[in-house]
Amino acid sequence: NGRTIDIVHSNTVFYNVGFHLSKALKTKHIWHVREMLDISFGFRPFWGWNKFFNELSQSDSIIAITKAVFDHYKLDRYSQSIYLWDAVMDAGRNYYDKNKSKYLLFCAAGISECKGLDSLLNSYALSGLKNEGYRLRVIGKFDDLAYKSKIMNLVETLKLRDYIDFLGYCKDISSEMKKATAIVMSSYN
């Protein structure tokens, strides 16, 4: 509608509409590869793997959010691909605060099985940190109610209810990160 579009950024590999839009507009396309469709979700592109990789190869830039995602799709075969070493937070921000609180922070926008929260709970229970006054704080929204039920049952089984804070989705996590004794990344990928 009269707007000049210089670049189309696709923020997921679930859909290829951004790729096709960029072709129709005769503009650049960046594909931000954030998920492993098959491993994390049991999906495949509805347009098929061959077409998926062909469309990736035609994009102007491919940015994988982690080395694991980069390796999974074998993106090293594309000269226009890179991966981010620190895709979790802005490296320009200072998150250090010497006045730490006694908690470990687990953080995921969407909590799913591939994020490894169940492994973290088992490790936390075995570590004895709860006996030293360290809490576990969990930020994120459960994507799957069956997985949430599994986690809540595990919390009861491990007798952790009084040591864990489920905070739900938080738009700004910087204050939680600043105060945490440690930030835990338990994702399997």
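Here are some questions and answers about this predicted model, working from strands to salt bridges.

Q: Are the two faces of strand S3 covered or open?
A: In a regular strand, side chains alternate between the two faces of the sheet. In S3, residues 61-64, Ser61 and Ile63 point to one side, and both are buried. Ile62 and Ala64 lie on the other side and are buried too, so by the cut-off of under 20% relative accessible area both faces of S3 are covered.

Q: Which residue in S3 is the bridge partner of valine 33?
A: Strand S2, residues 28-33, pairs with S3 in the parallel sense, and four bridges hold the pairing. Within S3, the bridge partner of valine 33 is alanine 64.

Q: Which residue in S4 stands opposite isoleucine 62?
A: S3 also runs parallel to strand S4, residues 81-83, with three bridges joining the two. Between these strands comes a helix to look for as well: S3, helix H4 (residues 67-72) and S4 make a right-handed β-α-β unit. As for isoleucine 62, the residue opposite in S4 is serine 81.

Q: How far apart are the closest N and O atoms of lysine 67 and aspartate 71?
A: Both residues sit in helix H4, four residues apart, which is about one turn of the helix. Lysine 67 has a relative accessible area of 33%, so it counts as partly exposed, and aspartate 71 at 40% is partly exposed as well. The two form a salt bridge, with the closest N and O atoms at 2.8 Å.

Q: Which residue meets lysine 150 in a salt bridge?
A: Lysine 150 is found in helix H6, residues 145-157. Leaving aside neighbours within four places in sequence, lysine 150 is in contact with Glu113 and Asp118. The salt bridge, at 3.0 Å from N to O, is with glutamate 113.

Q: Where is glutamate 113, the salt-bridge partner of lysine 150?
A: The salt bridge brings together the side chains of lysine 150 and glutamate 113. This pair links distant parts of the chain, 37 residues apart, with lysine 150 in helix H6 and glutamate 113 in the loop between strand S5 (103-111) and helix H5 (117-127).

Q: Are arginine 137 and aspartate 165 buried or exposed?
A: These two form a salt bridge, their closest N and O atoms being 3.4 Å apart. The pair links distant parts of the chain, 28 residues apart: arginine 137 is in strand S6 and aspartate 165 in strand S7. Arg137 and Asp165 also belong to a network of salt bridges with Arg135 and Glu176. Both arginine 137 and aspartate 165 are buried.

Q: What is the bridge partner of leucine 136 in S7?
A: Strands S6 (residues 135-142) and S7 (residues 164-168) run parallel and are joined by four bridges. With H6, they make a right-handed β-α-β unit. In S7, the partner of leucine 136 is isoleucine 164.

Q: Is serine 22 buried or exposed?
A: Serine 22 has its place in helix H1, as does leucine 21, within residues 17-25. Leucine 21 has a relative accessible area of 43% and is therefore partly exposed; with Ile5 and Leu25 it makes a nonpolar surface patch of about 240 Å². Serine 22 touches Val8, Thr27, Lys28 and His29, not counting residues up to four places away in sequence. At 1% relative accessibility, serine 22 counts as buried.

Note on methods
Residues numbered from 1 in each chain as written. Predicted model: local features only at pLDDT ≥ 70, side-chain atom pairs only at ≥ 80, totals over all residues. Heavy atoms only, no water. Buried < 20%, exposed > 50% of the residue type's maximum accessible area, 1.4 Å probe, protein only. Pairing = 2+ DSSP bridges. Right-handed = clockwise from strand over helix to strand, strands pointing away. Contact = heavy atoms within 4.5 Å. Patch = residues over 30% accessible without salt bridge, like charges linked within 9 Å, V, L, I, M, F, W, Y side chains within 5 Å. Areas by Shrake-Rupley, 256 points an atom, 1.4 Å probe, with all protein chains shown as cover. Salt bridge = Lys/Arg side-chain N within 4 Å of Asp/Glu carboxyl O.
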